[in-house]
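Biologist: Before we discuss this model, could you show it to me, so that I can ask what stands behind each term you use?

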Amino acid sequence: MLEQAAHENFPVAPFFLPRAWRTDLMAVYGFARLVDDIGDGDLAPGGGDAVLLGLDRAQYDDRPALLDALEADLHRVFGDRAPGPGHPLLRRLGPTVRRCALTPEPFLDLIEANRQDQRVSRYGTYDDLAAYCELSANPVGRLVLAITGTASPERLRHSDAVCTALQIVEHVQDVAEDLGRDRIYLPAEDMKRFAVNEADLAAPSGGASVRALIAYEAERARELLNEGAPLVGSVHGRLKLLLAGFVAGGRAALQAVAAADYDVLPGPPKPTKLSLLREVGATLRREG
């Protein structure tokens with residue numbers, strides 16, 4: 001599961017970070033991936049994770065039960081009673097929680113986002129989608145700041161903007177994949193504005209109206225990245241490079257979407273490593 005970190009738009013815990021930070025970031029990432037894999041039905045077959053969470057093996061695909069069991073195991077991470085958490089990824093999270101004095105709320109928000117994915121498959125307005133991103137994306141940035149000891153009200157505000165932007169970028173890239181899961185993260189009000197219906201999103205490639213809609217959502221993400229980018233200039237050293245990488249990863253992904261003429265339906269446009277490195281440099285020059 002943790003090796004999936006290498007396939008994000010920018011690595012979660014790159015080699016240049018201090019070892020302690022990398023250990024803590026990967027512990028948090030492992031938890032986040034486990035939550036998402038439960039919510040998306042992507043757990044390894046066989047029911048092993050269900051057993052580790054205290055459920056019957058036959059409940060391997062009962063997503064609400066798995067999320068409830070994960071929340072119970074998370075509370076054991078923050079408790080002081082024996083036995084501790086049952087799942088190895090949550091046992092791995094324990095030292096990070098104690099070392100960094102983390103609170104349960106960001107982790108609970110990530111679980112709640114995946115519960116919402118079981119109930120909600122369409123979003124009427126951008127405000128509805130932004131509220132979802134507050135649960136599904138913003139906690140990750142807040143945890144990064146907590147782990148690195150750099151949280152402040154202004155940095156949290158900028159981090160939230162960056163994380164919401166990155167979530168929207170992912171939604172823009174993954175329209176076809178999300179539709180395959182019967183989920184649409186493009187606000188219905190925007191689809192109506194651009195005269196796009198669900199059948200249009202199921203086509204092999206996007207027509208002019210779909211591409212105009214994707215361009216609109218991409219620009220929204222770009223503006224949010226710009227709003228949050230001062231976060232990069234507010235920190236120093238290797239953390240500056242890490243945060244620049246996150247912002248640059250979003251910008252490079254948006255460049256890939258634009259290079260595909262905003263036709264994301266054949267598959268998610270991905271940035272090249274060279275384009276990502278160039279954007280990291282550009283972000284550091286602008287924000288550093």
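The exchange below takes some descriptions of this predicted model and asks what supports each of them.

Biologist: What makes the protein chain as compact as a globular protein of its length?

Modeller: The radius of gyration of the protein chain is 19 Å, and the globule rule, 2.2 Å times the number of residues to the power 0.38, gives 19 Å for 288 residues, so the chain is as compact as a globular protein of that length. The chain holds 15 helices and 0 strands, and 50% of its 288 residues count as buried.

Biologist: Why is Cys100 called buried?

Modeller: Buried means under 20% relative accessible area; Cys100 has 15%, and is therefore counted as buried. Cys133, at 0% relative accessibility, is buried as well.

Biologist: How do you know that Cys100 is too far from the closest cysteine sulfur for a bond?

Modeller: A disulfide needs two cysteine sulfur atoms within 2.5 Å, whereas the sulfur of Cys100 lies 17 Å from the closest one, in Cys163, which is too far for a bond. For Cys133, the nearest cysteine sulfur is again that of Cys163, at 9.8 Å, and Cys133 is in no disulfide. The structure as a whole holds 0 disulfides.

Biologist: Which residues touch the most other members of the largest nonpolar core?

Modeller: Phe31, Leu70 and Phe107 do, in a core of 75 residues, to which helix H1 (residues 19-40) gives the most, with 10 residues. Beyond its neighbours within four places in sequence, Leu70 is in contact with residues including Phe31, Leu53, Leu90 and Ile111.

Notes:
Residues numbered from 1 in each chain as written. Predicted model: local features only at pLDDT ≥ 70, side-chain atom pairs only at ≥ 80, totals over all residues. Heavy atoms only, no water. Core = buried A, V, L, I, M, F, W, Y, C linked by side-chain atoms within 4.5 Å. Buried < 20%, exposed > 50% of the residue type's maximum accessible area, 1.4 Å probe, protein only. Helix = DSSP H or I, 4+ residues; strand = E, 2+ residues; numbered from the N terminus. Contact = heavy atoms within 4.5 Å.
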